[in-house]
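Subject: Structure handover

Hello,

Here is the structure I promised to pass on. Please open it first, then read my notes below.

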Amino acid sequence: MLIKRPRGWEMPERLATPEAVYRDRRRFLAGLPAVALAASLPGGMLLPAAARAAAPDPTADLYPAKRNEKYVLDRPLTAEKHATTYNNFYEFGTSKDIWKEAQERLKIRPWTVAIDGMVEKPFSIGFDELIRKMPVEERLYRHRCVEAWSMAVPWSGFPMAALVALAKPLGSAKYIEMKTFLDPKVAPAQKQSWYPWPYTEGLTVAEANNELAFIATGLYGKPIPHQNGAPLRLAVPWKYGFKSVKSIVSFTFTEKRPKSYWEVAQGAEYGFWANVNPAVSHPRWSQAKERVLGTSEQVPTQIWNGYGEFVAGLYAEMKGEKLFM
Ligand SMILES: Nc1nc2c(c(=O)[nH]1)N[C@H]1C(S)=C(S)[C@@H](COP(=O)(O)O)O[C@H]1N2
Ligand SMILES: [Mo]
C-alpha cells in the first residue's frame, strides 16, 4: 500500500506554532481576576470538577517565547507531529513509539531540581520557581541522533550559562553531571537492571557556558511534551542527540569527568564528547548522512552538526581525546 505523507519541506512554518493564535486570548484571561473569569463563563457557571482537576500549566504564559533570531536553520522545520511522536526515551521502552506512555505515566508537578556538588551553596529548587529566574526565549536548532536521523525544531528555554551563573560553581569545578529522574513505578524500563539507570550525562563547565548550550522547557511554542523530556531537558545541537538528557532532576558540579549512561552501557561505541562528525563512523554504521525526520530524504551530515563557528574553539587545544564518539 502506498501512503502519501507530506514531506517536511511541504509543511508551512506557521504550522510550527499553531498555539500562537490562542496566545492573546490566554494572556487576556490570565490578566482577569478569578471572579471576573467565573462570571464571564456562560451563565456565570462554575467549572465542573473534572475541568478543575486538569490544572492549567502554571508556566503556560511563558509560551510562545520571543524567538532569538541569531540561530538560523538551513532546512525547514520538522513537522510537530513527527518530533513529538518519534522519540528516544528509553525509560519508557526502546521503541520510538513511547509518546503515549510518557504522557500518561510521567508526572511533572511537583518537580524539584537539585544544584549541588562544587558550588558556593548547594540548593534545591522547584521547576516552576527556577524558570521564573531564567531568561526564556525560543531558538531554532537542528538535532542529530547518533542513529543517523535528524530534525529541526523550535525549542523554548534558557541558556545553560544562566543556570551555571545561578549555581555559582567553585573555580575548581570542571564538569557538570546531569541525571534524569529514577522511578521504576513511572518508567517501568528502569526495572531492567542491566541498564545503568538513572540516565546520566555530562558536559564540561566550558561547554555548558557556551552560548549554544540550552535547557529546553518548551517546544513548538508550548511547554515541552513529556515525551520530549518535560519539564526540562538539555539541547546541545553540536553533539549527538544522546547527550541531550531529558527530564533532569540534578546538576552536580564536579572536578571528575562524569561517566554517561551510554558510556557505561556500551563504552566501545559511545564516549563522553560525542561531537557530530560525518568523517568518523560509528563502529557499526556510517555517519556521513542523516535521514530527515518525516521525509525519506538523506542529507549530508556536517561537522559539529554545522555549529563549528560557535563550538570548534572549545576543542582546539585538546590532544588525545576521542572528540567524535
Ligand atoms: N533520559 C533520557 N534522555 C534522553 C534519551 C533517553 O533515552 N533517556 N535519549 C536521547 C537520545 S538518543 C536522543 S536522539 C534524544 C531524543 O530526543 P527527542 O525524543 O526529543 O527527539 O534524547 C536523548 N535524551
Ligand atoms: Mo539519539
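How do the residues of the lining of the second largest pocket divide into nonpolar, polar and charged? The lining has 14 nonpolar residues, eight polar ones and five charged ones. Keep in mind that this is a predicted model.

**The pocket**

The second largest pocket has a volume of about 470 Å³. It is lined by 27 residues. Closest to its centre are Asn88, Tyr90, Tyr199, Phe242 and Trp262. This pocket is also where ligand 1 sits.

**The ligand**

Around ligand 1 there are 18 residues. Which of them come nearest? They are Asn87, Tyr90, Glu91, Ser244 and Lys246. Tyr90 thus turns up twice: it is among the residues closest to the pocket centre and among those nearest to ligand 1.

The shell around ligand 1 is made up of eight nonpolar, seven polar and three charged residues.

Three contacts are worth finding on screen. Each one involves an oxygen atom of ligand 1.

- Lys246 places a polar side-chain atom 2.6 Å from a ligand oxygen.
- Tyr90 uses its backbone: an N or O atom there lies 2.7 Å from a ligand oxygen.
- Asn87 has a polar side-chain atom 2.9 Å from a ligand oxygen.

How much of ligand 1 does the protein bury? Taken alone, ligand 1 exposes 540 Å², and the protein buries 98% of that.

**The backbone**

Now for some backbone geometry. Most peptide bonds are trans, and most residues other than glycine have a negative phi. Three places here depart from that pattern.

Start with the bond from Trp197 to Pro198. It is cis, with omega near -5°. Pro198 belongs to the loop between β5 (175–180) and β6 (200–204).

Next comes the bond that joins Ala230 and Pro231. This peptide bond is cis too, and its omega is about -5°. Pro231 is in the loop between β8 (222–223) and β9 (233–235).

Last is Ser247. This residue is not a glycine, yet its phi is positive, about 45°. Where does Ser247 lie? It is in the loop between β9 and β10 (248–254).

Over to you.

Best wishes

Terms used:
Residues numbered from 1 in each chain as written. Chains lettered and ligands numbered in written order. Predicted model: local features only at pLDDT ≥ 70, side-chain atom pairs only at ≥ 80, totals over all residues. Heavy atoms only, no water. Near = heavy atom within 4 Å. Polar contact = N/O pair within 3.5 Å; in protein donor to acceptor, adjacent residues only side chain to side chain. Areas by Shrake-Rupley, 256 points an atom, 1.4 Å probe, with all protein chains shown as cover. 1 Å grid on protein atoms, 1.4 Å probe; cavity = no way out; pocket = protein on both sides within 12 Å on 5 of 7 lines; lining within 4 Å. Sits in = over half its atoms within 2 Å of the grid points. Nonpolar A, V, L, I, M, F, W, Y, C, P; charged D, E, K, R; others polar. Points joined across faces, edges and corners; volume = space filled by probe spheres on them. Helix = DSSP H or I, 4+ residues; strand = E, 2+ residues; numbered from the N terminus.
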